[in-house]
Every structure is written in structure tokens, then in C-alpha cells.
Amino acid sequence: MALIKARRATPDAVAEAIPLTLDSLVAQLGSPVASERRAAARALDAHEDGIPALCDRVAAEVAPSVCEAIMAALVRRASSAVVAALLPLLRDGTPVQRNAALEALAVMPEHVAPHVAALLRDPDTDVRIFTANLLSVLPHAEAAAWLVEALADPHANVCAAAVDGLAEIGDARALPALAALPARFPDDSFLAFAVQLASQRIDQ
Amino acid sequence: MSVTAPLIDPLLPVARAEDARAPISPQDYAKFCDFFYRKTGIIFGANKAYFAERRLQDRIAATGHAGFRDYFTLLRFEIGGAEMQQLVNAMTIKETYFYREDYQFDALVRHVLPAIAAERAPGTPIRIWSLPCSTGEEPYSIAMQILEHWSQADRYDIEILASDIDSRALADARAGVYGERALHRLPPALKQRYFTPYGDGYRICDALRGSIDFTQVNVADAATMRRYRDIDVIFCRNMLIYFDEVSRRQAVETLYDSLRPGGVICLGHSESMSRMSSLFAPRRFGTTILYQRPVDHD
Amino acid sequence: MTEPHSHGKRILVVDDGMTTRLYYRSVFEAAGFVVEEAANGLEGLERALVEPFDLLVVDVNMPKMDGYTLIERLRGDATGQAVPIVTISTEAGASDAERALEAGANLYLVKPAAPAALRHFAALMTGVAA
């Protein structure tokens, strides 16, 4: 018959069970071979002292499978150090790094909170847009209030991102600022649509 | 300039007869649907709206909330996402039977295995993993499908591994005894060929029972998972959707590591990698989407 | 809901913004199109590979998979070679347009795209009488 019973474990698996030292894993995280870097990242994820090395590596890593492994590790270790390592990716990261960073930051509300005011005042419009996107999924009691603050942004796309977020998490406090918005951008039909949608969702 | 169509939120359902519990407003239902879609990729069509609203009301009541707003805050804020998992449980149908979602087994023998065979010397192993295997319906279905419908089956050493965290389910799987309900989607010819009457039910034939390797595995246990390597096809249907997001992320990383480059993973009908990870590339096999670990390592 | 005399042409809107997807929905449904949505590039690719669409409207910057990659992967599959694709992006540079067209898009628009323009291109690219 074509079906045979599988062996329980391949011989290679036994060799892999020998744990490597932290130093050798950190060194392997700098290997030119992506599969080796990924293996190091996975091992550092399981290592209680592995996070600093992963934080140091995250900005430089562009291989998708390694980036994913690093982010999977960071996402379960919320801390101000991890947030500090991820925030620069909002400005300087590749789109892949930036989106991965936003996903990770979204589960670290208490550590992100001290940075929100500065992010909403960032000179880079895109950073302010990404911050509004982040706030709409951030499980923090002040997120809706921060989005209302963002409605005062000079750039229409930042305001639009904030309105989009308020459609999900906004409450009645947002209504006056929402109502005032279209007058600032009278030719923006998308913004008018967004304000109407968010107002309808909030006002019941 | 304005949009010419009237501004109607397309998710506002038609009002319906009163419910004893607090009704969900159309706006709240719309918010809920957007949130659930964002998290799971699942959309409730108009024909499912009544069911979804009822289940939502069930969860609001079960968690002791007065209404949707407070419940929604819990859903969005809860660390660990325990209520989100309960909600997903409430919104999805869990049952196991032979040939469940069998279009995926079709894709296996008509497209996936031939693609593997095209690049694999005869006589070499092809490893297929059913995880979670529950009481065995899935791995036995895979085995039957291969024997019945893959003409090349005899040319390769096909290993079917089957794992679950539940040791009682595994014991049932090894015993291979099933009731009528489990067999209701099985073509009669297969029932004849692979089962014999056994008490009130049926027992799967010895040849199949002996050819599947059932093992106890916890996906979260890295040491155990490391023993599984170079898998060609993983059937991981209707497990990941019930995990919280952090555990799910870890499980996906682990499953990726267990696949050989180019290997594929098959999720359940309502599940999508689009809400889990970008590690895998969606590939079309016939009209079925499976997810492939890239061949090139970045 | 679609107009009573909908021609039944199907558009897939791929964008990570909920409001944006609803906006396109309202614009295209007013012109008789059936509209489906995907919230990121990966979901968009999954749907485009196995469901029939007459037009894809694809955002560029999205989580899980960006618009360019979606288009490249779709064009690399036998079923995805013919479907018309419009990319809509905040970037107005010539290199972004080139990138989109090289990936296999048929048209590159810059946000914000006026509703009249969207309906015009949708009708043109799906063969609907204007």
C-alpha cells in the first residue's frame, strides 16, 4: 500500500534540540543567510533574555520571514524598550516594517500612550496618518479623545484617518469637531462622506 | 462636489420583530460587523444577520453587560482576548465528520500532490499532517481520498501524520469507530470499501487504521513541534481561528518552520492568512486557495 | 444595494480603510456595479484568484501585502491575466505610476479620485455603456 506509517521524528530534529548560548544566537542573528537569521530570531523569542538583541536588529532586517519572526517575538513582550525600537519604523521603515510595527504597537497601549502627543505633532504627515490609524485600533481609554484632537490637524488626510477611526470608536464628544470639519475642506467629497458616516455611527 | 448616490450605510439591516433582550441598533450592528470583519475576515451576509445578532445578544447577556456599548469596549480592550475567542466560538459552527469541506481534499489529489510529484523522485516520502486531527475523521478522509483518486499514490511513500492536544480524541481516532452522522457525507462506495459495521456504528478498516501515525501535540510547545520537519502539506482547519492573536502568531511561525520550503498549509473555510500572517503566499490550486511557504528564502 | 437595473459587473475594492471601501462602494453601486471588498492585499489576492471580477480597484499601501505585490502575483496566475486593474495611491510621482504599470496595472490614479472620474473609468474598463 502507498500509505506508510511515519517515523516519529527526523534524525535532524534531535540535533536541533541542543540549546545555543545567547551570544551565539545574537551572532547568528547577523548571519548573511536569512534562514539562519530566522532560526536565531525564533530561538531568541524563546529565550528569556532574547528581546534586546531582537530590538537592536528590527530596523535593519528586511527579509520578510525574519521580520515576521522578530515581530512575533516583540508582540508578546510589551515594554517601553520594545516601543522605542518600533517607533522609528513609522518614519524610516519600509512599508513592510512599518505595517508590522503598527500591528505590534497596537497591542501595547500603555507603553504607546506617552508617545501619542508627540506623534500627532510629528512634522511628517505620514507619521501623523499612521498614528491616527493606530489610535483607531489601540485599546486605550483615551484613544477616542486623541482622535478628536487629531481632527484639528492641518492636513486633510490626517483628518480623514481620524474620522475613519472615530466611526468605530468615537462617542458623542466627537460630534461637534466632526461637524466643523467639512467647512475647513469644502472641496473634499471623501471627507464629507467620512464625516457623515462617522456621525451616523455615533449618533443614535 | 458631492457623491450623487444617497448616503446609505450599506450595513444597516432592515428592522425586525422585537426581541426580549435589548435589540442591537443598526449603527451598533454595523460597528460590530466592521470590527469582526477586521479581526477575522468573516462577513455576515444578509441571510446570516439574524443569526449573528442573536449570537451577539447571547454574548452580551452571558458577560453580564447592559448593552452593546459596554460589551464592545470589553471586546476591544480585553488583554488576551478571551471574550473575542468566545465570540468566535459562538459565531462559527464546529463539528467534525468525514469529507468535511471536501473541496480541499479534491484540491489535494487533483493539484497539490501532482505538483509535488512532478518534482519528487518516485519512492521518496510525501508527508501530510492533519493538525488538529480530533477524532480522526480528517486524516482518514485524506487517506481515502488519496487511495481512491490519486493514480500516482503507489509510486510514493505517503506518510500521514495526525496530531491533537486531546488524548481522548486521539484514543477514539486510533480506535476508528464512528456513528452514522460522521459518515453522512461519505460516498456509499467508500463506506463499503473502508468501513465494516461495528455495534451501532462503523469501524474503519485495519489497513487504514494502521497507516496513520497519531500523536499528541500542543502547537504551543516548541520542543514537541520541532520534531516535525519537512512536511509537504499541513491540514490545519478550524484551529487557528479559535486562538487569541498572540498565540496564533506563534502557532503560525511554528507551522511555517515545520513545512519544507514550497510546502503548503490548508486552513478552514472561514479562515484566512490575511488576518494572521504574511509569511505565506496564497496559491490557487484549481479553485481552492492554499498557503505556500516560499521556496526562495528571501 | 445596487440599482434596480444593475448590469451585474463586479468590482473588487481592495483598501485597508473601512471608510474608503464604503466610499468606493457608494460611488460604484450608484453606477450599477456589484461591489465586493477586501481589507488588505493578501485578502484581495485570495479573492481575486478564485472569484470572477470585472475590475479591481487596488490601494497601494496596505498591511500584509501591498498593492504592487498583489498585482504582480495575480498577473503571475493564469486566471489573473485579463482582469482590468486600477491602482489608487497617495503618491503622485512618475516612478510610482511606472511601478504600478510594470506590476501589471492598467491605470494609475492619485487620491483623491473624483467620483465622476471613478465611474467613468470603471465603465470604460468593464465595457459598460457610459
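Leaving aside its neighbours within four places in sequence, with which residues is B:Ile241 in contact? Select B:Ile241 and the partners that appear are B:Thr40, B:Val88, B:Thr92, B:Gly268, B:Ser270 and B:Glu271, where two residues are in contact if their C-beta atoms, placed from the backbone, lie within 7 Å.

Before going further, note that this is a predicted model, in which local features need pLDDT of at least 70 and side-chain atom pairs count only at pLDDT 80 or more, while totals for chains, interfaces and linings use all residues. Residues are numbered from 1 along each chain as its sequence is written, and chains are lettered from A and ligands numbered from 1 in the order in which they are written.

**Around B:Ile241**

Stay on B:Ile241, which sits in the loop between strand E7 (231-236) and helix H11 (245-258) of chain B; helices (H or I, at least four residues) and strands (E, at least two) are DSSP runs, numbered from the N terminus. B:Ile241 counts as buried because 22 other C-beta atoms lie within 10 Å, the scale being buried at 20 or more other C-beta atoms within 10 Å of a residue's own, exposed at 12 or fewer, and partly exposed in between, with C-beta atoms placed from the backbone. For a sense of distance, add B:Gly176, which is 65 residues from B:Ile241 in sequence and 27 Å from it in space, C-alpha to C-alpha.

**Chain B as a whole**

Now widen the selection to chain B, which has eleven helices and ten strands and whose C-alpha trace spans about 65 × 55 × 40 Å along its principal axes. Buried residues make up 42% of its 298 residues, and of the contacts in chain B with a separation of 6 or more, 73% are between residues 24 or more positions apart.

**The cores**

Next select B:Ile234 and B:Ile265, the residues with the most contacts inside the largest nonpolar core, which has 183 residues; such a core is a set of buried Ala, Val, Leu, Ile, Met, Phe, Trp, Tyr and Cys residues joined through C-beta atoms within 7 Å. The largest share of this core, nine residues, comes from H13(A). Beyond four places in sequence, the contacts of B:Ile265 include B:Ile234, B:Cys236, B:Leu255 and B:Phe280. Another core, of 13 residues, lies apart from the largest one, and B:Ile24, B:Tyr29, B:Phe36 and B:Leu87 are among its members.

**A helix in chain A**

Move to helix H12 (residues 143-150) of chain A, where the buried residues are A:Ala143, A:Ala144, A:Trp146, A:Leu147 and A:Ala150. Looking down the axis of H12(A), these buried residues fall within an arc of 160 degrees, so they line one face of the helix; the arc is that of the directions from the helix axis to the C-beta atoms. Among the elements that cover them are helix H10 (116-120), helix H11 (125-135) and helix H13 (156-169) of chain A.

**From chain B to chain C**

Finally, display chains B and C together, whose contact takes 18 residues from chain B and 20 residues from chain C. On the side of chain B that touches chain C, helix H1 (26-40) and strand E9 (281-285) of chain B each give two or more residues, and H1(B) gives the most, with three residues.

Chain C alone has five helices and five strands, which follow the pattern β-α-β-α-β-α-β-α-β-α along the sequence. Of its 130 residues, 52% count as buried, and its C-alpha trace spans about 40 × 30 × 25 Å along the principal axes.
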